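Work through the exercises below with the sequence and the coordinates at hand. Each task is followed by a solution that proceeds step by step.

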Amino acid sequence: MNFIKYSDKEIISKVAQLHENELEKQEKDYKKTALSIALREEMILSGIYHGTDALIVETSNQTLIGVIWGRFLKGEQKVITEFLYVALNYRRQGIASSLKDAIEDWAIVKGASQIQGTVSAQNVLMQQLNIKKGYHMDKVIMTKNIPLSNEEG
């Protein structure tokens with residue numbers, strides 16, 4: 001497992017692309033664009049530069065197979081897990097668990113008193129992993145889409 005530095009721009013670019021790909025898959029109305037990828041990359045770079053973010057990766061044969069991105073909110077003494085990803089062929093091998101342990105260790109060093117993340121309602125395996133690691137469900141967000149009427153009434 002490696003902490004990514006500001007100078008590791010190629011890896012940061014790959015993570016930004018992965019993040020946007022996953023958002024597009026998970027969010028029905030989200031469309032990734034070249035701009036959204038560039039903005040995500042800038043967000044990661046800025047956080048690493050200012051010491052508020054950690055990007056930790058797992059590789060195999062120089063291929064990125066897992067990543068976790070955490071952001072420390074100093075005012076709230078909390079780390080937010082922005083992104084956790086493990087490549088499909090490497091899942092269920094303990095990589096996500098190891099990445100979560102690494103971000104927790106980083107959170108402790110930063111002085112955080114809490115780690116928080118969002119998990120899709122369909123991602124039961126991640127929910128189970130989080131519960132096993134001592135997380136608890138704080139709230140459930142429920143959404144109803146309302147059809148838009150473009151006609152003036």
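**Exercise 1. Determine how many positive and negative side chains the protein has, and how far apart the centres of the two sets lie.**

Solution. Begin with the counting rule, under which Lys and Arg are positive and Asp and Glu negative, while His and the chain ends are not counted. With this rule the protein has 19 positive and 19 negative side chains. Next, place each charge at NZ of Lys, CZ of Arg, CG of Asp or CD of Glu; the centres of the two sets then lie 4 Å apart.

Before going on, note that this is a predicted model, in which local features need pLDDT of at least 70 and side-chain atom pairs count only at pLDDT 80 or more, whereas totals for chains, interfaces and linings use all residues. Residues are numbered from 1 along each chain as its sequence is written, and side-chain values use heavy atoms, with hydrogens and water left out.

**Exercise 2. Describe the secondary structure of the protein and the pattern that it follows along the sequence.**

Solution. First assign the elements as DSSP runs numbered from the N terminus, with helices being H or I runs of at least four residues and strands E runs of at least two. This yields four helices and five strands, and reading along the sequence gives the pattern β-α-α-β-β-β-α-β-α. For the overall extent, the C-alpha atoms fill a box of roughly 55 × 40 × 35 Å along the principal axes.

**Exercise 3. Which residues touch the most other members of the largest nonpolar core, and which element gives the largest share?**

Solution. Start from burial, where buried means under 20% relative accessible area, exposed over 50% and partly exposed in between (1.4 Å probe, protein chains only); buried residues make up 35% of the 153 residues. A nonpolar core is then a set of buried Ala, Val, Leu, Ile, Met, Phe, Trp, Tyr and Cys residues joined through side-chain atoms within 4.5 Å. The largest such core has 19 residues, of which Ile-56, Val-79, Leu-99, Ile-103 and Trp-106 touch the most other members. Two or more residues of this core come from each of E2, strand E3 (63-73), strand E4 (78-86), helix H3 (95-110) and helix H4 (124-132), and H3 supplies the largest share, seven residues. Apart from this core lies another, of 17 residues, among them Ile-4, Ile-12, Trp-69 and Phe-83.

**Exercise 4. Is Asp-53 buried or exposed, and which side chains does a polar contact join to the side chain of Asp-53?**

Solution. Locate Asp-53 in strand E2 (residues 53-60). Its relative accessibility is 7%, so Asp-53 counts as buried. Then search for polar contacts, meaning pairs of N or O atoms within 3.5 Å in which, within protein, one must be able to donate a hydrogen and the other to accept it, residues adjacent in sequence counting only if both atoms are side-chain atoms. One such contact, of 2.8 Å, joins the side chains of Asp-53 and Trp-69, and another, of 2.7 Å, joins those of Asp-53 and Arg-71. Finally, taking contact as heavy atoms within 4.5 Å and leaving out residues up to four places away in sequence, Asp-53 touches residues including Met-43, Ile-48 and Trp-106.

**Exercise 5. Where do Gln-77 and Arg-92 lie, and what is the phi of each?**

Solution. Recall that most residues other than glycine have a negative phi. Gln-77, in the loop between E3 and E4, has a positive phi of about 50°, and Arg-92, in the loop between E4 and H3, has a positive phi of about 65°. As for accessibility, Gln-77 is partly exposed at 29%, while Arg-92 is exposed at 71%.
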